[in-house]
Amino acid sequence: MRMILVGPPGAGKGTQASRLVATHKIPHISSGDMLRAAVKEGTELGQEADTFMKAGKLVPDEVVIGMILERVEKDDCKNGFMLDGFPRTRPQAEALDEALEKAGSALDAVVLIEVPDELLVERAVGRRSDPETGKIYHLKHNPPPADIVDRLVHRKDDTEAAVKVRTEKYHSETAPIIPYYKGKGILKTVDGVGEPDEISERITTVLNDA
Ligand code: AMP
């Protein structure tokens, strides 16, 4: 299964992606995680991406497209993959399609997780991730166990100001990929308001109908 998760910042893409990759036994490719790792390692790509990310802006297409296409061409993606956070612009979507077509494959499904803007700031500001397990928590809605609280990380771009910019970018730059995939007949839309388990069930239902 070759699939993509799309949704605004704080929609729950990371949480749902982790569950889906375990079920479908496919690699989880998060462009945000790859970029954060590059920033941490101080690579050339990371240095280029850092300023954009801190401000909540999109990293330029030419930087992200090369990074992701190189990743999906790896052997572990032969039987499928889950892309989380990519594509985020129409040129990224087209570049991915072109590369897959050249390789004789195509996307099976694009899952859009819809969450109203007014819920996004609260979701992102309370979000914490565990660097050891990669698990994502929310201080109020999905509280972490007390013994790991001290090691949890709060993303630099999960501030109110950056989330507002990221949400605006989502509407202006990422939303245009929705009609693009709808036109291809592979878009599956789910309501992202509710508990993570409920949303997982909704995703399983739409994928089964695929
Ligand atoms: P995420 O973890 O998916 O929320 O991504 C965090 C940040 O990384 C975004 O706000 C962007 O600055 C950058 N980023 C991640 N994926 C992309 C992408 N596909 N295109 C451009 N920028 C990206």
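# Exercises on a ligand-binding model

Gln92 sits in helix α5, which spans residues 90-102. The model you are looking at is predicted, so let us work through it step by step.

## Exercise 1: Gln92 and its surroundings

Decide whether Gln92 is buried or exposed, and find which residues it touches.

Solution. Start with the relative accessible area of Gln92, which is 3%. Buried means under 20%. Gln92 therefore counts as buried. Next, look for contacts, leaving aside residues up to four places away in sequence: Gln92 touches Asp61, Val64, Ile65, Phe86 and Pro87. Finally, turn to the ligand, where Gln92 is listed among the closest residues, together with Ser31, Lys57, Gly85 and Arg88.

## Exercise 2: The peptide bond before Pro87

Work out which kind of peptide bond joins Phe86 and Pro87, and where Pro87 lies.

Solution. Read omega for the bond between Phe86 and Pro87: the angle is about 0°. The bond is a cis peptide bond. Then place Pro87 along the chain: this proline belongs to the loop between β3 (81-84) and α5. To connect this with the previous exercise, recall that both Phe86 and Pro87 touch Gln92.

## Exercise 3: The ligand shell

Describe the shell around the ligand: how many residues surround the ligand, and how do they divide by character?

Solution. Begin with the count, which gives 16 residues around the ligand. Sorting the shell by character yields six nonpolar, four polar and six charged residues. Now ask which element gives the most to this shell: the answer is helix α2 (residues 31-41), with four residues.

Move on to individual polar atoms. A nitrogen atom of the ligand lies 3.0 Å from a backbone N or O atom of Val59. On the side-chain front, Arg155 has an N or O atom 3.0 Å from an oxygen atom of the ligand. Arg166 places a polar side-chain atom 3.3 Å from a ligand oxygen atom. As a last step, take the ligand alone, which exposes 480 Å², and note that the protein buries 96% of that.

## Exercise 4: An aromatic pair

Search the whole structure for aromatic pairs and classify what you find.

Solution. The search returns one aromatic pair. Its members are Tyr180 and Tyr181, with 5.1 Å centre to centre and 65° between the planes. Planes over 60 degrees apart count as edge-to-face. The pair of Tyr180 and Tyr181 is accordingly edge-to-face. To finish, check burial: both Tyr180 and Tyr181 are buried.

## Exercise 5: Three loop residues

Compare the settings of Lys25, Glu73 and Ile148, starting with the loop in which each lies.

Solution. Lys25 lies between α1 (13-24) and β2 (28-30). Its phi is near 55°, a positive value in a residue other than glycine. With a relative accessible area of 72%, Lys25 is exposed.

Glu73 belongs to the loop between α4 (61-72) and β3. Its relative accessible area is 59%, so Glu73 is exposed. Glu73 and Leu100 are 27 residues apart in sequence, while their C-alpha atoms are 8.9 Å apart in space.

Ile148 is found between β6 (136-138) and α7 (160-174). Here the relative accessible area is 8%, so Ile148 is buried. Not counting residues up to four places away in sequence, Ile148 touches Asp130 and Tyr137. Val190 is 42 residues from Ile148 along the chain, and their C-alpha atoms are separated by 32 Å.

Conventions
Residues are numbered from 1 along each chain as its sequence is written. This is a predicted model: local features need pLDDT of at least 70, side-chain atom pairs count only at pLDDT 80 or more; totals for chains, interfaces and linings use all residues. Side-chain values use heavy atoms; hydrogens and water are left out. Rings of Phe, Tyr and Trp (its six-membered ring) pair if their centres lie within 6.5 Å; planes under 30 degrees apart count as stacked, over 60 as edge-to-face and the rest as tilted. Buried means under 20% relative accessible area, exposed over 50%, partly exposed in between (1.4 Å probe, protein chains only). Helices (H or I, at least four residues) and strands (E, at least two) are DSSP runs, numbered from the N terminus. Contact means heavy atoms within 4.5 Å. A residue is near a molecule or strand if one of its heavy atoms lies within 4 Å of it. A polar contact is a pair of N or O atoms within 3.5 Å; within protein, one must be able to donate a hydrogen and the other to accept it, and residues adjacent in sequence count only if both atoms are side-chain atoms. Accessible areas come from the Shrake-Rupley method with a 1.4 Å probe; for residues, only the protein chains shown count as cover. Ala, Val, Leu, Ile, Met, Phe, Trp, Tyr, Cys and Pro count as nonpolar, Asp, Glu, Lys and Arg as charged, and the others, Gly among them, as polar.
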